[in-house]
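The exercises below are intended for a reader who is new to this structure. Each one sets a task and then works through a solution step by step.

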Amino acid sequence: MRNIWKAIEISRPLLWLNTSMPFLWGAVGLRGELVAGDVLLYAFFLFPYNYFLHAPNDYYDFETDARNPRKGGVEGALTPKPLLARHAVVSTLILAPFLVYVGAALPPLALLSLMVLLVLSAGYNAPPTRLKGRPVLDSLTNVLYAIPLQVGLHAAGSPNLVDAPVLVFAAWGIGAHALTTITDRDEDAAAGVRTIAVLLGRRATALFAAAWFALVAAGAVAVTGVAASALLALPYLALCLIGRDASGEAGRRLYRLFLVANVGIGATITMLVLVGIGVDAAIPAGIVAMAGTAIALGVSVGRAVLQRR
C-alpha cells in the first residue's frame with residue numbers, strides 16, 4: 001500500500017487534470033457522446049500517464065528537487081533515488097495494457113498520437129536527449145500537453161493528423177512550461193540544470209511565455225469564431241506580468257496561482273464542451289469529469305492535510 005501511495009505522490013495528482021480533461025474534451029466534443037473506451041482512457045490520463053511522465057523526471061531531477069522548497073508537498077514528492085529508479089520502471093510497464101487496447105480497439109491515428117506522446121515524454125525526461133535540460137527546446141517540447149487532446153479527437157474518429165484546437169493548446173503548453181521554469185530558476189541554476197529561465201533570466205522568459213499566451217488568445221478566436229474566447233488566455237498573461245520578478249516565496253506563489261488558473265480555465269472549457277453536446281450526452285460525461293476532478297483534488301488536499309499533522 002505504501003508503494004501505491006508513493007506512486008500516486010510521484011504522479012502529481014494536482015496535474016492529472018492537465019492531461020485527462022483535454023482527452024475528454026476531444027473525444028466527447030467531437031463524437032457528441034461518452035463511450036466506455038473514453039472512460040478507460042480518461043482514467044489512463046489521470047494516473048498511469050502522469051506516473052510515467054513524472055517518475056523518470058524525478059529520478060533525473062533528484063539533485064535539483066532536493067534543493068527545491070516546493071518539493072515534498074502537493075507540488076512534487078521527495079523520494080530516495082533508488083526507489084525512484086524502480087518507480088520509473090514500473091511506470092513504463094503499466095503502459096502496456098493501455099497500448100494494447102488502443103491498438104486493438106481504436107483508429108490507427110489514435111495509437112500513432114499516443115505513441116508520439118509517450119516517445120516525446122521519454123525524450124523530455126531521460127538521456128540521451130533529456131530535452132528538459134536544453135533551453136528553449138525544453139519549453140517547445142511541452143507541446144506534449146496538447147497531445148492528449150489529439151488522442152481524444154483521433155479516438156472519436158478525426159481523420160486529421162493534427163487538428164486546429166491542438167495547435168492552440170500546444171501554444172499554451174509552451175507558454176506554461178516557460179512560465180513555470182521561472183519558479184525553479186534559482187534551484188535549477190544551483191544544480192547545473194539549464195532551462196529556458198536559467199538561460200534567459202526571469203524577465204525575458206516571462207516575455208517569451210507571454211508571446212505564446214498571446215498566440216493562444218488569437219488561436220482561440222480563430223478556432224471558435226468568438227472574440228470573447230481570447231479571455232481564456234488573460235489569467236496566464238497576468239501571471240507572466242507577475243513572473244517578471246518572481247523569486248523565492250514569490251516564485252512559489254506564482255506556481256500556486258498557475259495551478260489555480262488551470263483548474264478555473266479547465267472547468268470553463270469543460271462546461272462549454274458539455275453545453276455543446278446536449279443534455280443526454282452531457283450528463284454521463286459530466287459525471288465522469290466531476291469524478292476525475294474530485295479524485296485528483298481530493299488526493300492532493302488529503303495528502304496536504306496529512307503532511308501538516
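**Exercise 1. Arg12 and its partner**

Task: Determine whether Arg12 is buried or exposed, and find which residue forms a salt bridge with Arg12.

Solution. The model is a predicted one.

Step 1. The relative accessibility of Arg12 is 5%. Buried means under 20%, so Arg12 counts as buried.

Step 2. The salt-bridge partner of Arg12 is Asp58, with 2.8 Å between the closest N and O atoms. This bridge links distant parts of the chain: Arg12 lies in the loop between H1 and H2, Asp58 lies in helix H4, and 46 residues separate the two.

Step 3. Asp58 has a relative accessible area of 2% and is buried.

Step 4. As background, side chains of opposite charge can pair when their charged atoms come close.

**Exercise 2. Two further salt bridges**

Task: The whole structure holds 8 salt bridges. Describe the one between Lys6 and Glu9 and the one between Arg202 and Asp186.

Solution.

Step 1. Lys6 and Glu9 meet through their side chains, at 3.0 Å from N to O. Both residues belong to helix H1 (residues 2-10) and are 3 residues apart, about one turn of the helix.

Step 2. Lys6 is buried at 17% relative accessibility, and Glu9 is buried at 11%.

Step 3. In the bridge between Arg202 and Asp186, the closest N and O atoms are 2.9 Å apart. Here too the pair links distant parts of the chain, with Arg202 in helix H14 (residues 202-224) and Asp186 in helix H12 (residues 185-190), 16 residues apart.

Step 4. Arg202 is buried, with a relative accessible area of 18%, whereas Asp186 is partly exposed at 35%. Salt bridges that share partners bring Arg185, Asp186 and Arg202 together in one network.

**Exercise 3. Helix H8 and the surface patch**

Task: Explain why Leu112 counts as partly exposed, and describe the helix in which Leu112 is found.

Solution.

Step 1. Leu112 has a relative accessible area of 41%. Partly exposed covers values between 20% and 50%, so Leu112 counts as partly exposed.

Step 2. Leu112 is located in helix H8, which spans residues 108-125. H8 has 18 residues, and the distance from its first C-alpha to its last is 26 Å, close to the 26 Å expected at 1.5 Å a residue.

Step 3. Other residues of H8 are buried, including Ala110, Leu114, Leu117, Leu118 and Tyr124. Among the elements that cover the buried residues of H8 are helix H3 (36-46), helix H7 (96-105) and helix H11 (164-183).

Step 4. Leu112 is part of a nonpolar surface patch with Val116, Leu161, Val162 and Leu167; together these residues have about 460 Å² of accessible area.

**Exercise 4. The nonpolar cores**

Task: State how many residues the largest nonpolar core has and which of them have the most contacts inside it.

Solution.

Step 1. The largest nonpolar core has 75 residues, and Tyr49, Trp172, Leu179, Phe213 and Phe258 have the most contacts inside it. H11 contributes the most to this core, with 10 residues.

Step 2. Beyond its neighbours within four places in sequence, Trp172 is in contact with Asn18, Tyr145, Phe213, Val216, Tyr236, Phe258 and Asn262.

Step 3. Another core, of 6 residues, lies apart from the largest one; Ile10, Tyr51, Ala55 and Leu84 are among its members.

Step 4. In soluble globular proteins, nonpolar side chains tend to be buried together.

**Exercise 5. Three residues compared by position**

Task: State where Pro22, Thr141 and Val221 are found, and what each one touches beyond four places in sequence.

Solution.

Step 1. Pro22 belongs to helix H2 (residues 16-31) and is buried at 1% relative accessibility. The residues that Pro22 touches are Leu17, Pro148, Leu149 and Phe169. The C-alpha atoms of Pro22 and Leu167 are 13 Å apart, although 145 residues separate them along the chain.

Step 2. Thr141 sits in the loop between H9 and H10. Its relative accessible area is 6%, so Thr141 is buried. Thr141 touches Leu120, Tyr124 and Leu131.

Step 3. Val221 lies in helix H14 and is partly exposed at 28% relative accessibility. Val221 touches Val226, Ala227, Ser229 and Ala230. Between the C-alpha atoms of Val221 and Val168, 53 residues apart along the chain, the separation is 9.9 Å.

Definitions and conventions
Residues numbered from 1 in each chain as written. Predicted model: local features only at pLDDT ≥ 70, side-chain atom pairs only at ≥ 80, totals over all residues. Heavy atoms only, no water. Patch = residues over 30% accessible without salt bridge, like charges linked within 9 Å, V, L, I, M, F, W, Y side chains within 5 Å. Areas by Shrake-Rupley, 256 points an atom, 1.4 Å probe, with all protein chains shown as cover. Salt bridge = Lys/Arg side-chain N within 4 Å of Asp/Glu carboxyl O. Helix = DSSP H or I, 4+ residues; strand = E, 2+ residues; numbered from the N terminus. Buried < 20%, exposed > 50% of the residue type's maximum accessible area, 1.4 Å probe, protein only. Expected span 1.5 Å × (residues − 1). Contact = heavy atoms within 4.5 Å. Core = buried A, V, L, I, M, F, W, Y, C linked by side-chain atoms within 4.5 Å.
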